[in-house]
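Reader: I'd like to learn how to read a model like this one, feature by feature. Can we start with a single contact and work outwards?

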Amino acid sequence: MMNRQYNPSSFIVETSFALFSCKRMMGVGSDNKTESTSSKLTLQQLEEKEEVELGNAEAMRLAKDDQQSAEPRETWGRRLEFVLASIGYAVGLGNVWRFPYLCYRSGGGAFLIPYLIMLFLCGIPLLFMEFTVGQYTRLGPVHSLAKICPLFKGVGLATVVISYVLCTYYNVLMTWALYYLLHSFSPSLPWQSCNNTWNAVGNCSTGFPGNATHLKSASQQFFDHKVLEMTTGIEHAGGIRWELFGLLVLAWAIVYFCIFKGVKSTGKVVYFTATFPYFILFALLINNVQLPGAKDGILFFLMPNWSKLLEVQVWVNAAAQIFNSIGISFGSMISMASYNKFNNNILRDTYIVSLANSATSIVAGFVIFSAIGYMAHIHNLPVDDIATDGPGLVFVVYPEVFSTMPVSQLWAPLFFIMLLCLGLDSQFAMVEVAVTFIVDGFGKKVLGVFKRKELIVLAVCSVGFLLGIPHITSGGIYVFQLMDHYTAVVSLMFLAFFEVLAVTLIFGVRRLSVMLEKMLGKKPNLFFRVCWQFLSPMLVLVILISSIVQYTPARYGKFYTYPLWAEVVGWFISLVSIIWIPLGALHELWTTEGSLLQRLKKSITPTVDLEFVSEKPSGESIALFAAA
């Protein structure tokens, strides 16, 4: 049931209905027995409308009773805060280190065709769907999806689990960025030369080694030997890196103080964290395109290979990139939309967030490959030998770029501040999912223990910090890669499939359209209805099947493969989130009364209220009031 403020307007309408009902019971108008047929029909229509409105008024009264016993849900201070927070969450490190590499590997400029098609057929419709569910129910993913489809209530809990697992190691990236930021203020950049205590001089190269496999660049050795103090494998954990330990505490402290007041504090922080990266990105773009060799890198990035469009995997890559970048099925978009005002124009916000995310990815591609083209020119190497993705791009390749750039002491700090902003926005949203789940589900009980919501946020951040400690040991990079592979690659598509199945196919497009009509005053157009009913579920299913068929075990770099026991641990990490889907379904069927068929029917019947009265009295309500 929607927890909505009880409004004086609805009270007047409800009272008028009661008076009208009393007049009928007392026989008012009984002497009008010679009314025309049309008058009788009018009275019958009014009676039917009255019954509906009285039922709605009763729903509002129950909602009011619920509201009195619960804390009123906070809302964003301004619509712009929600938009910036959503853009900040969608635009993350993946836009910088994943999209450009994927683009040139999948056909260059030709890849933009399947990418944009998947954006409009999958990304935008499913983001609109999540915004609709969150804003209408005003609940986090667990409780909103439980109302949408009780049988798949475990999907909501699975999204919370996967988001929280992700945030425990995502903040490690912020730790590395802080480490590089602090070292970028040195008189000379420490990853610039081979004359440091951590360098293995015999196989250190001041540039990129190219095909000389026995050599490592100075920036690679800084990352491996200084930042990580990396061991030879996950079986050799080593000790805690105490410098990183302190910076991990700092990273979680930053997250806490940015979100501890809920959306009121997050909404103010995103004015900086969501906008500042764009200033740096465009400044880097202007600087990089003027460097020698930049043109070659950009052409390498965009040169279309049309034959790639015939490969199914290229289309799957495009859909998967859209899915991961926007953040579908992580629960964060549902959670953030739940703090909107009921009539917020989420259709407009959907277009803004989706298009801003994709435009940022394309701009980041120009920034990254102009710099890579410059490095290829400096070291007389093919662009293909330098291009890479993942942490290696932002913590190895780009630091090496800065070491040869003019005014490197300026660009290096700005770049790592940009990384911090990109990562923190995403981190805010993932932590907020867990906080929203706790407050929505156990608000009174938890507040009885912690007294204040700020302490709940502190507890969530503290547990996240403790779970992140294995990643800052000397063997932590192997733990990080294992977690990332089995969380962001394997688990996510299972969750996405069941979420789309629950909302668009079982709950149904018709009910989803009713929800939108209640909020925006009009139903979604034919394009969205067709995407929800057919195209989006089909695309998600294709991606899921492709992910299963083309599954490859996790690995680190080009040579290290994980031992069997580590692979088992990886699958266990995947099951930590996926297992809640069947457990939720079994729990629903077990606790529902009746035969198996009756239980199945009840478990797919939504409990979300689609008939409540809006805050402003409708035209029919006013007509009934006048008739009374």
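Author: Sure. A polar contact is a pair of N or O atoms within 3.5 Å; within protein, one must be able to donate a hydrogen and the other to accept it, and residues adjacent in sequence count only if both atoms are side-chain atoms. Here, the side chains of Q550 and Q313 are joined by a polar contact of 2.8 Å. Keep in mind that this is a predicted model, where local features need pLDDT of at least 70 and side-chain atom pairs count only at pLDDT 80 or more, while totals for chains, interfaces and linings use all residues. Residues are numbered from 1 along each chain as its sequence is written, and side-chain values use heavy atoms, with hydrogens and water left out.

Reader: How many residues apart along the chain are Q550 and Q313?

Author: They are 237 residues apart along the chain, yet their C-alpha atoms are separated by 9.5 Å. Q550 sits in the loop between α22 (526-549) and β3 (555-556). Those labels are DSSP runs, numbered from the N terminus: helices are H or I with at least four residues, strands are E with at least two.

Reader: Is Q550 buried or exposed, or partly exposed?

Author: The cut-offs go by relative accessible area: buried is under 20%, exposed is over 50%, and partly exposed lies in between (1.4 Å probe, protein chains only). Q550 has 43% relative accessibility, so it counts as partly exposed.

Reader: What does the whole chain look like in those terms?

Author: Of its 628 residues, 54% count as buried. Its secondary structure comes to 26 helices and four strands. For contacts, the rule is heavy atoms within 4.5 Å. Among the contacts in the chain with a separation of 6 or more, 84% are between residues 24 or more positions apart.

Reader: Let's take one helix. How many of the residues of α7 are buried?

Author: Six of the eight residues in α7 (residues 141-148) are buried, which leaves the helix mostly covered. The buried ones are P141, V142, S144, L145, K147 and I148. Look at S144: its relative accessible area is 0%, so it is buried. The S144 side chain reaches the backbone oxygen of P141 at 3.4 Å. Leaving out residues up to four places away in sequence, S144 touches V133, T137, L139 and I334.

Reader: And how do I read the packing of two helices? At what angle do the axes of α7 and α8 cross?

Author: Axes are lines fitted to C-alpha atoms, for helices over the stretch in contact, and angles run from 0 to 180 degrees between N-to-C directions. For α7 and α8 (residues 153-183), the axes come within 7 Å and cross at roughly 165°. That makes α7 roughly antiparallel to α8; the classes are under 35 degrees for roughly parallel, over 145 for roughly antiparallel, 65 to 115 for roughly perpendicular, and oblique for the rest.

Reader: Which residues of α7 and α8 meet?

Author: On the α7 side they are P141, V142, L145 and A146, which meet K153, V155, G156, L157, T159 and V160 in α8. By class, this contact of α7 with α8 has seven nonpolar, two polar and one charged residues. Ala, Val, Leu, Ile, Met, Phe, Trp, Tyr, Cys and Pro count as nonpolar, Asp, Glu, Lys and Arg as charged, and the others, Gly among them, as polar.

Reader: What about α9 and α18: how are they oriented to each other?

Author: Their axes come within 8 Å and cross at roughly 140°, and α9 and α18 are therefore oblique to each other. S219, Q220 and F223 in α9 meet F395, V396 and E400 in α18. That contact of α9 with α18 has three nonpolar, two polar and one charged residues.

Reader: Back to single residues. Which residues does F301 touch?

Author: F301 is in helix α13 (residues 294-302) and, at 1% relative accessibility, counts as buried. Not counting residues up to four places away in sequence, F301 touches F99, P100, C103, Y104, G108, G109, I362, G365, F366 and F369. F301 and F369 are 68 residues apart in sequence and 6.4 Å apart in space, C-alpha to C-alpha.

Reader: One last backbone check: what is phi of V407?

Author: Phi of V407 is near 55°, a positive value in a residue other than glycine. V407 lies in the loop between α18 (391-404) and α19 (408-450), and at 55% relative accessibility V407 counts as exposed.
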